[in-house]
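Dear colleague,

Please find the structure below, together with a short account of what was found in it. I would be grateful if you would read the account with the structure open beside you.

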Amino acid sequence: MVLLGKVFQDWLQLYSRLHNMNIKEVDWQDALDTAWFLEKYHKEVGWDHFTINYDKTYNQVISSITNEDEQVLVAKEGDQIIGVAWSLCMKPFFSDDLMIENLLVYVDKDKRGGMAGPRLMRHIKKWGKARGAKAVKIGTISEINTARTKGLFRKMGYREVGSHFMTEL
């Protein structure tokens, strides 16, 4: 009985989060909050050798609002940003065809395991289709739950096509 009550409570919480969550393109009102939210990403990705420049981040978010080849999405619960996805629509150096290059999908640590990540990813695909892109390239460039993230990508129809490596200079 206790287990059933816990399962129901978990379901009720997820249901409530789903219906309170809104995915939208970032706008002028969200720009500053989005830039500050990305500080969480910076702290968690394990790239401590890079400093964070809030003015630059804010200006990049602002630039994305008017750049049709760039999309910044926010996942919000009420007024709170719980996730961000940042993507570019571009032509690979070898082709005139368009593709979507996803720079990041980041969900607040306390909100992972819900639907924010998958819903952000579905919006990226939808945007890509509307732009006439032939593919979406997405990856993991941090050390945040890499195996779990790759599993989500596979479940959503992506296939692994390579890896990234980094060394500090």
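M115 has a relative accessibility of 25% and therefore counts as partly exposed, since buried would require under 20% and exposed over 50%. Please bear in mind that this is a predicted model. M115 lies in the loop that links strand 4 with helix 4. Its C-alpha is 9.7 Å from that of A75, although 40 residues separate M115 and A75 in the sequence.

A75 belongs to strand 2, where it points the same way as Q71, L73 and E77, while E70, V72, V74 and K76 point the other way. In a regular strand, side chains alternate between the two faces of the sheet. Of the 8 residues of strand 2, 8 are buried, so this strand is largely enclosed by the rest of the structure.

Which strands lie beside strand 2? Strand 1 pairs with strand 2 in the antiparallel sense over 5 bridges, with K24 facing V74 and E25 facing L73. Strand 3 is also antiparallel to strand 2, and 8 bridges join them; here Q71 stands opposite S87. The hairpin of strand 2 and strand 3 has 2 residues between the strands, and G78 takes a positive phi near 65 degrees there.

The sheet as a whole is open, with 5 strands in the order 1-2-3-4-5 and mixed pairing. Strands 1 and 5 stand at the edges with a single partner strand each, so one side of each has no neighbour in the sheet. Helix 3 (residues 54–66) packs on the sheet, where it touches strand 2 and strand 3.

Yours sincerely

Terms used:
Residues are numbered from 1 along each chain as its sequence is written. This is a predicted model: local features need pLDDT of at least 70, side-chain atom pairs count only at pLDDT 80 or more; totals for chains, interfaces and linings use all residues. Side-chain values use heavy atoms; hydrogens and water are left out. Two strands pair if DSSP finds at least two bridges between them. Helices (H or I, at least four residues) and strands (E, at least two) are DSSP runs, numbered from the N terminus. Contact means heavy atoms within 4.5 Å. Axes are lines fitted to C-alpha atoms, for helices over the stretch in contact, and angles run from 0 to 180 degrees between N-to-C directions. Buried means under 20% relative accessible area, exposed over 50%, partly exposed in between (1.4 Å probe, protein chains only).
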